[in-house]
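Subject: A structure for you to look through

Dear colleague,

I am passing on a structure that I would like you to read through slowly, with the sequence beside you. My notes on what was found follow below it.

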Amino acid sequence: MSERVTTTLGPLELPNPVLTASGCGGTGRELAQFFDLTRLGAFVTTSVMAQARAGRPTPRVTETPSGLLTAMGLPGPGVETFLERDLPWLIEQEVRTIVSVAGSSVEEYGDLARRLRNVPGVAAIEVNVACPNVEDRGRMFGWHPAAAASVVRAVRAHARPGLPVFAKLAPDVTDIVTIALACVDAGADGLTLINTMDAMAIDPQTLRPALTGVSGGLSGPAVRPVAVRCVYQVHAALPTTPIIGVGGISTGLDALEFILAGASAVAVGTALFHDPAAGPRVLRELEEALAARRIGRLADAVGLAHKPAGYVPPQVRPQEPEKEKL
């Protein structure tokens with residue numbers, strides 16, 4: 001792997017910036033049929049909860065123009081099975097693993113972090129705050145700075161000291177920068193931007209909502225401009241906080257757009273459903289894009305869109321002038 005694309009997410013060093021988005025790579029076994037998972041910067045698990053969940057009844061997935069609308073309800077086997085079956089397999093394959101956690105109360109998030117505290121093979125924790133708080137009339141933790149911060153604080157308090165904690169934020173809020181600041185103040189080492197957007201589709205045949213849950217989370221190319229905006233705004237406010245950019249990434253140029261906005265890594269999600277090997281392909285295309293722009297290292301492209309016009313980073317190799325013909 002080229003040193004050109006190595007990246008750091010706080011204390012976490014990765015050989016490249018391309019990850020999977022939580023919920024899109026299954027347990028890892030599904031994607032392993034198509035490529036070696038160690039070729040990724042890291043694999044992000046589906047959100048783990050304390051108890052097993054069947055999720056919402058079908059239909060819970062529908063396609064939209066340039067996107068995918070899902071209302072899965074966070075199905076999963078629960079933390080016990082994850083620790084006994086899924087995580088050991090990832091460790092055995094030597095896959096760098098970021099564990100996503102979700103809960104319905106602050107205490108549940110804290111308990112999940114405690115369960116992971118002494119488990120080997122966990123590279124970082126991603127805190128999915130797009131979950132309803134049963135103690136606050138079902139309102140999402142991620143909608144309010146104080147609620148999101150309380151979840152991050154609980155995870156940070158119970159997680160292994162030094163283990164990176166990333167807060168994954170939703171874009172459909174009044175001010176994502178305020179929520180990002182609250183999470184960082186509460187102990188988040190970095191941020192994942194963005195989660196899906198709340199959206200809805202109606203089936204013209206049944207004349208009813210297309211999803212059993214009525215509304216769901218929109219992902220795919222349709223949300224990429226929103227995600228890039230969020231990354232740009234948060235990086236401007238928190239330039240030293242590492243960001244994982246997520247939302248509609250399907251090519252290397254998509255990934256480069258996020259990096260220029262301020263992301264230090266990117267996660268591929270919806271694209272995996274029609275191209276399971278999209279991760280390695282996006283990485284290859286990103287390397288080609290950096291080389292074509294004579295950018296020597298990925299780190300020199302992070303946040304480059306914030307620089308003034310005419311700025312040339314030190315690692316950009318200038319175009320050599322053509323020699324005069326004799």
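Please keep in mind from the start that this is a predicted model. I begin with a single residue, Asp254, which has a relative accessibility of 9% and therefore counts as buried, since the cut-off for that word is under 20%.

The side chain of Asp254 does have a charged partner, for it meets the side chain of Arg224 in a salt bridge, with 3.5 Å from N to O. This pair joins distant parts of the chain, because Asp254 belongs to helix H7 (residues 252-261) and Arg224 to helix H6 (residues 224-237), and the two are 30 residues apart.

Arg224 also forms a salt bridge with Glu257, where the closest N and O atoms are 3.8 Å apart. Here again distant parts of the chain are linked, with Arg224 in helix H6 and Glu257 in helix H7, 33 residues apart. Glu257 has a relative accessible area of 36%, and because this lies between the limits of 20% and 50%, Glu257 is described as partly exposed.

The structure holds 10 salt bridges, and a few others deserve your attention. Asp300 forms one with Arg297, the closest N and O atoms being 3.2 Å apart. When you look at this pair, please note that Asp300 is buried, at a relative accessible area of 12%, whereas Arg297 is partly exposed, at 40%. Elsewhere, Arg29, Arg85 and Asp86 are linked to one another in a network of salt bridges.

The last item concerns the packing of two helices. Helix H3 (residues 106-116) and helix H4 (residues 145-158) have axes that come within 8 Å and cross at roughly 25 degrees. Angles under 35 degrees count as roughly parallel, so H3 is roughly parallel to H4. The crossing in which H3 passes H4 is right-handed.

If you would like to find this contact in the model, look on H3 for Val106, Tyr109, Gly110, Ala113 and Arg114, and on H4 for Ser150, Val151, Ala154, Val155 and His158. Sorted by the character of their residues, the positions that make up the contact of H3 with H4 are six nonpolar, three polar and one charged.

With best wishes

Technical notes
Residues are numbered from 1 along each chain as its sequence is written. This is a predicted model: local features need pLDDT of at least 70, side-chain atom pairs count only at pLDDT 80 or more; totals for chains, interfaces and linings use all residues. Side-chain values use heavy atoms; hydrogens and water are left out. A salt bridge is a side-chain nitrogen of Lys or Arg within 4 Å of a carboxyl oxygen of Asp or Glu. Helices (H or I, at least four residues) and strands (E, at least two) are DSSP runs, numbered from the N terminus. Buried means under 20% relative accessible area, exposed over 50%, partly exposed in between (1.4 Å probe, protein chains only). Axes are lines fitted to C-alpha atoms, for helices over the stretch in contact, and angles run from 0 to 180 degrees between N-to-C directions. Angles under 35 degrees count as roughly parallel, over 145 as roughly antiparallel, 65 to 115 as roughly perpendicular and the rest as oblique. A crossing is left-handed if the near helix is turned anticlockwise from the far one by less than a right angle, and right-handed if clockwise. Contact means heavy atoms within 4.5 Å. Ala, Val, Leu, Ile, Met, Phe, Trp, Tyr, Cys and Pro count as nonpolar, Asp, Glu, Lys and Arg as charged, and the others, Gly among them, as polar.
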